[in-house]
Amino acid sequence: MLKRKDLLGLKDVTTEEMEEILSTAREMRKILDQNVKKTPHLQGKNIVNLFYENSTRTRTSFESAAKIMSANAINISASASSVTKGETLIDTGKTLDALLTDVVVIRHSMSGAPHLLAKNVRASVINAGDGMNEHPTQALLDIFTMQEKFGDLKGLKAVIAGDVKHSRVARSNIWGLRKLGADVTVCAPKTLLPMGIEDMDVSVSTDLDDCIEGANVVMGLRLQLERQQAGLFPGAAEYNCYYGINAARLNRADSDAILLHPGPINRGLELSSETADGEQSYILRQVTNGLAIRMALLFLLTRAKGKEQDRK
């Protein structure tokens, strides 16, 4: 049984904890495959999605996961909350505690915001993306998708290509995949590689044609134009020429390779439509698997919290 109160990142999660989450997600996936739209797993629980950044996939996924398991799901966006009146994150969290919230799912532009919230509330906190730090549930659903296809990930060759510098998805995937024994290569122009990336025990390349050779998993990353204050590459056409994942490049990977992308996709920039919609694309599979992962986490964290309170 998962004993932690919060899920803030994969850097500090053990391999055993990850396996428990993934195992529970497999059971949740079975429920989804049976087209069951309502279960009693979280009946009487209150789940709040507190989003300081825009989101479609992640927020909808958490909301759907909560509702399928019969929880009360509440969405709060910063633009429609007391944040606009100057309320602090801690005060917002304490207010949600007073409203008997069981889980707060938070997305925030500042790295570390979920950690600050978790220290100051009784509710469980799930990091739905904090700045350029981590996005653990996205990485878990990516890993879940890889396990569905390949089983044991030890020795798996995964290539993560694109805007690594600004990608919290890449960081969480690296932490998770390395703990499960996968070999990870990150590929980007030098201006889109973060300082110290080599210290994360990954291979680093600026040549996508070379590193994609024989890969089992090719993950494209969204080019995060909104996070870039200065031109870090000459232009979209040149970026696509050297780092866009198209059919010719994907053919260099293993014949059984799969293509992943956290979304939303900038078509014609990171991925060609031919590859995004092709047979090797598992992008929509990722979305459904994200629902299973988030159902599993909400279930495990509320059970862990309940047992902790029972002991008190």
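Let's start with Ser205 and the company it keeps: leaving aside residues up to four places away in sequence, Ser205 touches Thr185, Val186, Cys187, Ala188, Leu193 and Cys211. Please keep in mind that this is a predicted model.

So where does Ser205 sit? It belongs to strand β7, residues 203–205. Its relative accessibility is 12%, and because buried means under 20%, Ser205 counts as buried. The side chain also has a polar partner: it reaches the backbone nitrogen of Asp207 at 2.9 Å. Across on the neighbouring strand, Cys187 stands opposite Ser205.

That neighbour is β6, residues 183–187, and the β6 and β7 pairing is parallel, over 3 bridges. Now let's zoom out to the sheet. What is the order of its strands? Reading across, we have β7-β6-β5-β8-β9, an open sheet of 5 strands with parallel pairing. The edges are β7 and β9, the latter being residues 258–260, and each of these pairs on one side only. On average, neighbouring strands in this sheet are turned by 20° against each other, ignoring direction.

Next, the helices on the sheet. Helix α5, residues 136–150, packs on it and touches β8 (217–220) and β9, with a direction about 170° from that of β9. Helix α6, residues 168–179, lies across β5 (157–161), β6 and β8, and runs at about 160° to β6.

Let me move to helix α1, residues 15–33, for a quick sanity check on its length. With 19 residues at 1.5 Å a residue, α1 should span 27 Å; the end C-alpha atoms are 26 Å apart, which agrees. Its buried residues are Glu17, Met18, Ile21, Leu22, Thr24, Ala25, Met28, Arg29, Ile31 and Leu32. Why do we say they line one face of the helix? Looking down the axis of α1, the buried residues fall within an arc of 170°, so one face is what they line. Over on the other side of α1, Glu16 and Asp33 are exposed. And if you follow the chain just past α1, you will find Asn35 with a positive phi of about 60°.

One last stop, Ala248, in helix α9, which covers residues 247–250. Is Ala248 buried or exposed? Its relative accessibility is 56%, so Ala248 counts as exposed. For a sense of place, Ala248 and Thr206 are 42 residues apart along the chain, and their C-alpha atoms are separated by 18 Å.

That's my tour, thanks everyone, and I'm happy to take questions.

Technical notes. Residues are numbered from 1 along each chain as its sequence is written. This is a predicted model: local features need pLDDT of at least 70, side-chain atom pairs count only at pLDDT 80 or more; totals for chains, interfaces and linings use all residues. Side-chain values use heavy atoms; hydrogens and water are left out. Helices (H or I, at least four residues) and strands (E, at least two) are DSSP runs, numbered from the N terminus. Buried means under 20% relative accessible area, exposed over 50%, partly exposed in between (1.4 Å probe, protein chains only). A polar contact is a pair of N or O atoms within 3.5 Å; within protein, one must be able to donate a hydrogen and the other to accept it, and residues adjacent in sequence count only if both atoms are side-chain atoms. Contact means heavy atoms within 4.5 Å. Two strands pair if DSSP finds at least two bridges between them. Axes are lines fitted to C-alpha atoms, for helices over the stretch in contact, and angles run from 0 to 180 degrees between N-to-C directions. The expected span of a helix is 1.5 Å times one less than its number of residues. The arc is that of the directions from the helix axis to the C-beta atoms.
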